[in-house]
Amino acid sequence: MTTTSSPMPYYASHIARQERAIDMEIPDSGIDARHCVRMVEDYHLLDFSERLNTSSYVNVVFEPEEERVAMMGLKVNLADQTVYPESFRMHNDTLNMIAKLWHCPVPDDFDSYGCYAGAGTVGSTEACLLAGLALKFRWRKWYAKKKGMAEHEVRGVYPNLVISTMFQAAWEKLFKYMDIEPRFIAPSYKTFTLDPNKIGDHIDDQTIGVVCIMGNHYGGQYDPVWAMSQKLDEINKAKGLEVGIHVDAASGGFIAPFQEGLPPWDFRLPNVLSISASGHKFGNSCCGTGWVVWRQRKGLSENVAINVSYLGGSADSYTLNFSRPAQGIYVQFYKLLRLGKEGYAEQVRNQMSVATFLREGLKSIKVDGKSIFTILDAVGMSEQKLCLPVVTAMINPDLGLPFDDIDLQHIIAQGCEVGIAH
Ligand SMILES: *Cc1c(COP(=O)(O)O)cnc(C)c1O
């Protein structure tokens, strides 16, 4: 059957007459475009409204110009640097702005690549996997030399990575896929952050690095990278090691640079070897955007990168995948220009004040004169007083209330449904 230019309205059409519109099989013949859109819309409608989704972890607010930019990027295959050199230049320009934001020193080979060592990725997960791999290869080279081992011998050694139990699930992928042993450190419930005095026992000559989380996804607390870096100096000296830090700044990468009063947490610390962040979280790009930046390219080119030469220049591909659309890069570039540092700083201030409003509101809800909620985030309880713009609280267990946080979540979700209806 051929499609007509003016199909019957959806509910009068043969598609709506079938028992199930989708029969687990590609339809034999095509369906009118308007009906296809209608069917997609029906699926979409039954999801939460993205604007009311409190846990999507990605930016969902776009200006019309931004959507236009995203549509442009959708048609570009970022992997093909020969066909789309200008899009890749936009990737590099964006990467450079982010590396500078994190105070990365200019690498020696900047001019031959036109950019810092790093890559736009599909979210922080890919960025963390790449950073973890780079740490592993760096360590392998060091370990083989130290032990006088051959390449195939050192490949049989199981390396480890030190990280707090507040890690995000992305790191589980690294441990499972890349054969790396996690060395977990459980933080105190009073800080939810790594204690520098606890890392020493976990580090040995098979340690590829220490991960510091700049804003964990539970309470938004920052691991004290500054204190960890100092501690590592002592440990490395005492044990004859060269262990460095990866900063997982998935959420904090675009928050911490705009908060005043925070000690250095980025490339200003010499032990920080790499930093990753999600462009689609507080970076304000669209879903599927992440960034990883390395202090230097040395050691990466031969291990992580696949070198592609084109148009007389050399280009490194660091990502785990090749073909993918460029819209994350396009929107990130747009957003950095659109907001500027001032815009990001203003936005962080607004978000922090919304968090304060909610925190104070939660604190004021009482039964029998006692607060129902105990505040757990850094602003609420630590000396640091700085964290992501989030509010974390638990229901005071002493009150013996007949509901828990999951009940509360269901009630809030119902509120969201009512929000849709109205
Ligand atoms: C969100 C998050 C990740 C994973 O990020 P994606 O962008 O979803 O891949 C990794 N680490 C931390 C700390 C996170 O908050």
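**Figure 1. Polar contacts of the ligand with K281, H280 and S124 in the predicted model.** In the side chain of K281, an N or O atom is 2.8 Å from an oxygen atom of the ligand. H280 also takes part through its side chain, with a polar atom 2.7 Å from a ligand oxygen. S124 uses its backbone instead: an N or O atom of the main chain lies 2.9 Å from an oxygen atom of the ligand. On its own, the ligand has 380 Å² of accessible area, and the protein covers 89% of that area.

**Figure 2. The shell of residues around the ligand.** The residues around the ligand are G123, S124, T125, Q168, I213, H217, D248, A250, S251, S278, H280 and K281. Sorted by class, eight of the shell residues are polar, two are nonpolar and two are charged. Which element gives the largest share of this shell? Helix α6, which spans residues 123-147, supplies that share with three residues.

**Figure 3. I213, a residue of the ligand shell, in strand β4.** Strand β4 covers residues 207-213, and I213 belongs to this strand. Is I213 buried or exposed? Its relative accessible area is 5%, and the cut-off for buried is under 20%, so I213 counts as buried. S251 is another residue around the ligand. Along the chain, I213 and S251 are 38 residues apart, while their C-alpha atoms are separated by 9.1 Å.

**Figure 4. The aromatic pair F175 and F184.** The structure holds 11 aromatic pairs. In the pair formed by F175 and F184, the ring centres are 6.0 Å apart. The ring planes stand at 80 degrees, and planes over 60 degrees apart count as edge-to-face, so this pair is edge-to-face. F175 has a relative accessible area of 9% and is therefore buried. F184 has a relative accessible area of 34%, which lies between the 20% and 50% cut-offs, so F184 is partly exposed.

**Figure 5. An aromatic cluster, and an arginine over a tyrosine ring.** Which residues form one aromatic cluster with W102? The other members are F254, F258 and Y344. A separate close-up shows R297 and Y113. R297 lies over the face of Y113, at 3.7 Å from the centre of the ring.

Conventions: Residues are numbered from 1 along each chain as its sequence is written. This is a predicted model: local features need pLDDT of at least 70, side-chain atom pairs count only at pLDDT 80 or more; totals for chains, interfaces and linings use all residues. Side-chain values use heavy atoms; hydrogens and water are left out. A residue is near a molecule or strand if one of its heavy atoms lies within 4 Å of it. A polar contact is a pair of N or O atoms within 3.5 Å; within protein, one must be able to donate a hydrogen and the other to accept it, and residues adjacent in sequence count only if both atoms are side-chain atoms. Accessible areas come from the Shrake-Rupley method with a 1.4 Å probe; for residues, only the protein chains shown count as cover. Helices (H or I, at least four residues) and strands (E, at least two) are DSSP runs, numbered from the N terminus. Ala, Val, Leu, Ile, Met, Phe, Trp, Tyr, Cys and Pro count as nonpolar, Asp, Glu, Lys and Arg as charged, and the others, Gly among them, as polar. Rings of Phe, Tyr and Trp (its six-membered ring) pair if their centres lie within 6.5 Å; planes under 30 degrees apart count as stacked, over 60 as edge-to-face and the rest as tilted. Buried means under 20% relative accessible area, exposed over 50%, partly exposed in between (1.4 Å probe, protein chains only). A charge sits over a ring if NZ of Lys or CZ of Arg is within 6 Å of the ring centre and within 35 degrees of the ring normal.
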